[in-house]
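Reader: Please take a close look at a single part of this model, the arrangement of strands in chain B. Set out the surroundings before you come to it.

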Amino acid sequence: MYNLFRILLLSDLIVCKRNFSFNSVCLGFFLVSACFVVNAREVTAFDVTNVSIDVRIFKATGNRLLLGFACDEGRSHAEEQTAAALAAGGVEVWMPDMLSAYMLPNLPSSRHEIPTDALLGLIEKALATGKEVYLIASGKDTELVLRVASVWEDSHEKPLSGAILLFPRLFKAEPVPGVIPEYVDVVGKTKLPLILLEGERTPNRWGVKSLSSQLEIGGSQVVSQLIPSVRGYFFKRPDANRSEEMATAKLPDLIMESLLKLEHMHVKN
Amino acid sequence: MLKTRLFILLMMLLSCMQVSATNLKIFKGDDQVPALQLQDLQGKVHNLNDYKGQVVLLQFWATYCPPCRKEMPSMNNLQKKMADVPFKILAVDMGESRAEVDEFISQVKPEFTILMDPEGESIAAWKVYAAPSNFIIDTQGKIRYTLYGGVEWDSPEMVKQLKALVVTQ
């Protein structure tokens, strides 16, 4: 099924500017198919540090497991469709609902309230499957990934396999024009291989080089990539334009490609 | 003595109020002002050094930036209100295509100089990481203030503060 998605999406890309009706049919087929696959998820409650955390699990038979922070049940439909497509391609996806578990509102400041021990506990559960575990987060949630990766390295022998940072927003404070920005303290504290994905149509693209160099201070190998013609949070935007809808449909491919890159980086390290 | 202290305190308070009213922040970065030499939409090259003797509002903006779109009419008004003093607006587009900028201009109709930086060289040199990012450069070519985010550029407080910069040179 996943291979069929890929063929259709590639066709979609090739004809997107020339044949709108074929393009629409392809995209529609993908969305309908993805809806069927979404039903394949299950919700498992894990007891971690005496708190029950609901985790949406998209099971797969492959040896890779992608663990995403900090999902919020009911507000991540595009992520669910992406997770379903990835699972169809062999990547198991876990989406823990960290905010509900700790009764936190979906606010940037809530990320600081999520205990590191809970994140560590979930990683342990994920590793218990015997799969290679990769982390993923977007926006301000990327701070959680860097935080837990740093603590994990200090306290565990088995390494994680890498992390994908989708349009990371890691400024410590509002950027001041003419001054190199300061990043949150966890930047540069892990040696986990990192893929940094940023939208081309966001001012943050101009900070990718600066952020990458700060992340590398901890020993991480960092590979960055711009996603053409999209703004940040493109898959969550209610006003998404045609390019952003297309990029959302291609997100599973982009993540799969990133995992393959991380695998290579991991072997090198 | 007490009266003098109270007067100084009052002046300090007024000074703070003035800065917060316009959101302009006193620049505390490097004294070394980066170079800026870019083409406008007609192909004319603009060099920042050529504008010494004028107060310059140098803005880095993008078509996808909602505050940029919203504040540009107030920049048109600011230009009119500053017509009696040496003042120039240079607005650098952050690495977009000519087609994207042309479409934006046809809708928003900026009346000041738009510069193109397709490779983003000036963006890196000026350490710009967000849009809109603004620099207020005095008549000596020194950066005096910065401002991140949208603002009403034609407010009386803003005009007064920018004109004061001309007078104090």
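Author: In chain A, 46% of the 269 residues are buried, a residue being buried if 20 or more other C-beta atoms, placed from the backbone, lie within 10 Å of its own, exposed if 12 or fewer do, and partly exposed in between. The model is predicted, so local features are described only at pLDDT of at least 70 and side-chain atom pairs only at 80 or more, whereas totals for chains, interfaces and linings use all residues. Residues are numbered from 1 along each chain as its sequence is written, while chains are lettered from A and ligands numbered from 1 in the order in which they are written.

Chain A has 9 helices and 8 strands; these are DSSP runs numbered from the N terminus, with H or I over at least four residues for a helix and E over at least two for a strand. Its mean pLDDT (the predictor's confidence in each residue, from 0 to 100) is 84, and 82% of its residues reach 70 or more. Confidence in chain A is highest in strand β6 (residues 162-166), at a mean of 97, and lowest in helix α1 (residues 2-15), at 38. Over residues 1-39 of chain A the pLDDT stays under 50, and the model has 36 contacts for them beyond four places in sequence; two residues are in contact if their C-beta atoms, placed from the backbone, lie within 7 Å. Where pLDDT is low, the coordinates should not be read in detail.

The largest nonpolar core comprises 70 residues, and A:Val145, A:Ala163 and A:Leu165 have the most contacts inside it. Such a core is a set of buried Ala, Val, Leu, Ile, Met, Phe, Trp, Tyr and Cys residues joined through C-beta atoms within 7 Å. Leaving aside residues up to four places away in sequence, A:Val145 touches A:Phe69, A:Leu135, A:Ala137, A:Ala163 and A:Leu165. There is a second, separate core of 46 residues, which includes B:Ala62, B:Ile143, B:Leu147 and B:Met158.

Between the chains, 13 residues of chain A are in contact with 22 residues of chain B. The chain A side of this interface is made up of 8 nonpolar, 2 polar and 3 charged residues; Ala, Val, Leu, Ile, Met, Phe, Trp, Tyr, Cys and Pro count as nonpolar, Asp, Glu, Lys and Arg as charged, and the others, Gly among them, as polar.

Now the part requested. Chain B holds 5 helices and 8 strands, which follow one another from the N terminus as α-β-β-β-β-α-β-α-β-α-β-β-α. Of its 169 residues, 35% count as buried. Among the contacts in chain B with a separation of 6 or more, 77% link residues 24 or more positions apart.

The 8 strands make an open sheet of mixed pairing, in the order β1-β8-β7-β4-β5-β6-β2-β3; two strands pair if DSSP finds at least two bridges between them. At the edges stand β1 (25-26) and β3 (45-47) of chain B, each with a single partner strand, so one side of each has no neighbour in the sheet.

Start from the β3 edge. β3(B) is joined to β2(B) by 3 bridges in the antiparallel sense, with B:Gln37 opposite B:Asn47 of β3(B). Strand β2 (residues 37-40) of chain B also pairs with strand β6 (residues 113-116) of chain B, again antiparallel, over 2 bridges. In β6(B), B:Leu115 is the bridge partner of B:Asp40.

β6(B) runs parallel to strand β5 (residues 87-93) of chain B, and 4 bridges join them. One facing pair is B:Leu90 and B:Thr113, the latter in β6(B). From β5(B) the chain reaches β6(B) through helix α3 (residues 98-108) of chain B, in a right-handed β-α-β crossover: with the strands pointing away from the viewer, the path from the first strand over the helix to the second runs clockwise. This helix, α3(B), is hardly covered, with 1 buried residue among its 11. Just after α3(B), B:Lys109 has a positive phi of about 60°.

Beyond β8 (143-148) of chain B, B:Ser155 lies in the loop that leads to α5 (156-167). B:Ser155 counts as partly exposed because 17 C-beta neighbours fall inside 10 Å. Its C-alpha atom is separated by 9.3 Å from that of B:Asn77, although the two residues are 78 apart along the chain.
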